[in-house]
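User: Hi! I am new to reading protein structures and would like to learn how to describe one. Could you walk me through an example?

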Amino acid sequence: PASTPAAATPASTPAAATPAATPAAAAADPADEWTMRPDLVRDPWLRVPSLSGKPVRRQRETEERGRGASRAPASSLPGAQWLTDKLLLNRHAAARLLPHQGRQRILFMVFGGSSMGDFLFHWVAHVRRLGLDSHVLGAMDEALFRRCDEAGVGAALLKTPPTPTREDVAGIETSWRYYRMDPKAFTQMGVLKVDFFEEFVRAGFDVLASDLDVTWVRDPRPWVTGQAAGMQLLAHADVLVSTDIANLALDTARSERWRYAEVNTGVLFLRNTNGTRALLAAWKRKMLDELTAGRLRKDSWGFNDQTYFNMIVRALGLQGVQSQGVWRQWLAERGLADGEVDASREGDRSVYRSRSALPLPSGGSAHITLTALPALEFSGGHIYFVQHEQLARATPPVALHTTYQFSDTPAYTWGKRQRLREAGLWRGDGDEYFDAARSGGFLRLVGPLVEPGSLEGVKVREGVAAVRIEGTKGYTDRLMNNVVDPTALPEDNPMRHLTFDVLQRAALRDALALARATG
């Protein structure tokens, strides 16, 4: 924190929110900044204040108390303009997007609500760092839409009146601030998210959407436009999607294993085509059917918008476009001449065409061409944080999705934020976080965990050191009662590490208590 200049802090300072104000930072190669260390030097303009300028906890409480308060309609905000008859842009989004409407420009989009404002502004900081000017935050609520306007962030607000088929998603009600933990509310959010997708595609954009817990580390455009090595066919796919594959050996260029794994809609590229329109309509229809039938409840774990996307994709009957009898038909659908695209190049990633067509909202039907994005570049949390594959290969990811994490609660996704902090990638802390550091607001542990020789006679119950306790009662009782001397265990025994870790956790527990007691 000491390396962060105090001058570049206020949300109201235009330079702090405009990449153009720091040409040296913008010109740097983003790959050079990639690191696994927590001591990443921060560019001042990357730090985004909290949405209200107050600590996050107080801000959320204010929002809770302020629900239902009357306020002027969002369309009265200075400079706000309608992109479509359903989609309102604030002045910052209008300035960036309206000049490019209908030109199939790639639009970077994220979607969320006020309760996850720090993650949303973390997302904005990274796309600005990469110079991705055509970006927009899809605001789930009017409070976030207004705060984005005040903070200089481009945002969009969807105005869709309730209809008989949408009555169950007209208002999202949940007692949990982190909607991901409520399957019904999260699926309702999924319907609204697809509404955003449809409107932006209808306005003429290709949409590269990501979840708010995705960090953009490098510019993804060479991959989705087919310019990256081995990605030429991706330029002609309707839809590109990330996966939850955790074994890179199963993610080769011509492998079809991703079709049997979970595709992850955390990164989703939607080209402005009829195939995309048909898939979005089917996806939304499936979610609405589940919601209006009352099959989703708060305890319906394993069911959300991504679940239904997977169901639709698996029912498409995908076949590789290089297959005999498919290639020429696919070229014709794409308006490509035979020989214009080489399907025989080794190492080129395959794309797949649906055997069946899906109905279009405007009538007719369309086949869908779809494939998975490479898992090394569009990475999940297991590959990045656990396996450290990118570090081992000296290849920074393009997108990092904080999946496979712990410590999520109905209040907040603590584990995701902590993973990003430890990797030196987190950009969502407000000024109050750094002000605390400058004013001595952190407690620091100094010195060795234990003094030399002080471990003599230390005993730890094995059950206390165990990562997980499960099995028959007789086994778990023995585990809880077995006393271990960590110094007597061989160095290659994992239990030696885990028993020593008990001492470290105890020290951190005491430090946390002391920090709380001293403010």
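Analyst: Happy to help! The protein chain has 17 helices and 18 strands. Keep in mind that this is a predicted model.

User: How many residues does the protein chain have, and what share of them count as buried?

Analyst: The chain has 519 residues, and 51% of them count as buried. Another overall figure concerns contacts between residues at least 6 apart in sequence: 72% of these join residues at least 24 apart.

User: Let's turn to helices. How do I describe two packed helices?

Analyst: The general idea is to give the angle between their axes and the distance between the axes. Take helix 8 (residues 274-292) and helix 9 (residues 305-314): their axes come within 9 Å and cross at roughly 125°. An angle between 115 and 145 degrees falls in the oblique class, and helix 8 and helix 9 are therefore oblique to each other. Their crossing is right-handed.

User: Which residues of helix 8 and helix 9 meet?

Analyst: From helix 8 come Leu279, Ala282, Trp283, Lys286, Met287 and Glu290, and they meet Asp305, Tyr308, Phe309, Met311 and Ile312 of helix 9. Sorted by class, the residues of this contact are eight nonpolar, no polar and three charged.

User: Could we try another helix pair?

Analyst: Sure! Helix 4 (residues 117-129) and helix 13 have axes that come within 11 Å and cross at roughly 35°. The crossing of helix 4 and helix 13 is left-handed. Asp118, Phe119 and His122 of helix 4 make the contact with Lys416, Arg417 and Leu420 of helix 13. By class, this contact of helix 4 with helix 13 has two nonpolar, one polar and three charged residues.

User: Now a single helix. Why do residues three or four places apart point the same way in an α-helix?

Analyst: An α-helix has 3.6 residues a turn, so residues three or four places apart point the same way. Helix 10 (residues 327-334) is a good place to look, with Trp327, Trp330 and Leu331 buried. These three cover an arc of only 100° around the axis, which puts them on the same side of helix 10. On the other side of helix 10, Arg328 and Ala332 are exposed.

User: What covers the buried residues of helix 10?

Analyst: The cover includes strand 11 (352-354) and strand 14 (369-372). As for what follows helix 10 along the chain, that is glycine 335, which has a positive phi near 70°.

User: Which residues have a positive phi although they are not glycines?

Analyst: One of them is histidine 388, with a positive phi of about 55°. Histidine 388 sits in the loop between helix 11 (381-386) and helix 12 (389-392), and at 33% relative accessibility it counts as partly exposed. Tyrosine 404 also has a positive phi of about 55° without being a glycine. Tyrosine 404 belongs to the loop between strand 16 (399-401) and helix 13 (414-422), and its relative accessible area of 40% makes it partly exposed.

User: Next, contacts that link distant parts of the sequence. Is phenylalanine 197 buried or exposed?

Analyst: Buried counts as under 20% relative accessible area, so phenylalanine 197, at 3% relative accessibility, is buried. Phenylalanine 197 is part of helix 6 (residues 183-202). Between phenylalanine 197 and methionine 109 there are 88 residues of separation in sequence, yet their C-alpha atoms are 8.9 Å apart in space. Leaving aside neighbours within four places in sequence, phenylalanine 197 is in contact with Met109, Val207, Ala209, Leu268, Leu270, Leu280 and Trp283.

User: Where does serine 356 lie, and what is it in contact with?

Analyst: Serine 356 lies in the loop between strand 11 and strand 12 (358-359), and at 31% relative accessibility it counts as partly exposed. Its C-alpha atom is separated by 6.4 Å from that of histidine 367, eleven residues apart along the chain. With neighbours within four places in sequence left aside, serine 356 is in contact with Ala315, Leu316 and His367.

User: And where is arginine 393 found?

Analyst: Arginine 393 is in the loop between helix 12 and strand 16. At 45% relative accessibility, arginine 393 counts as partly exposed. Leaving aside neighbours within four places in sequence, it is in contact with Leu248 and Leu376. The C-alpha atoms of arginine 393 and leucine 376 are separated by 9.7 Å, and the two residues are 17 residues apart along the chain.

Terms used:
Residues are numbered from 1 along each chain as its sequence is written. This is a predicted model: local features need pLDDT of at least 70, side-chain atom pairs count only at pLDDT 80 or more; totals for chains, interfaces and linings use all residues. Side-chain values use heavy atoms; hydrogens and water are left out. Axes are lines fitted to C-alpha atoms, for helices over the stretch in contact, and angles run from 0 to 180 degrees between N-to-C directions. Helices (H or I, at least four residues) and strands (E, at least two) are DSSP runs, numbered from the N terminus. Angles under 35 degrees count as roughly parallel, over 145 as roughly antiparallel, 65 to 115 as roughly perpendicular and the rest as oblique. A crossing is left-handed if the near helix is turned anticlockwise from the far one by less than a right angle, and right-handed if clockwise. Contact means heavy atoms within 4.5 Å. Ala, Val, Leu, Ile, Met, Phe, Trp, Tyr, Cys and Pro count as nonpolar, Asp, Glu, Lys and Arg as charged, and the others, Gly among them, as polar. Buried means under 20% relative accessible area, exposed over 50%, partly exposed in between (1.4 Å probe, protein chains only). The arc is that of the directions from the helix axis to the C-beta atoms.
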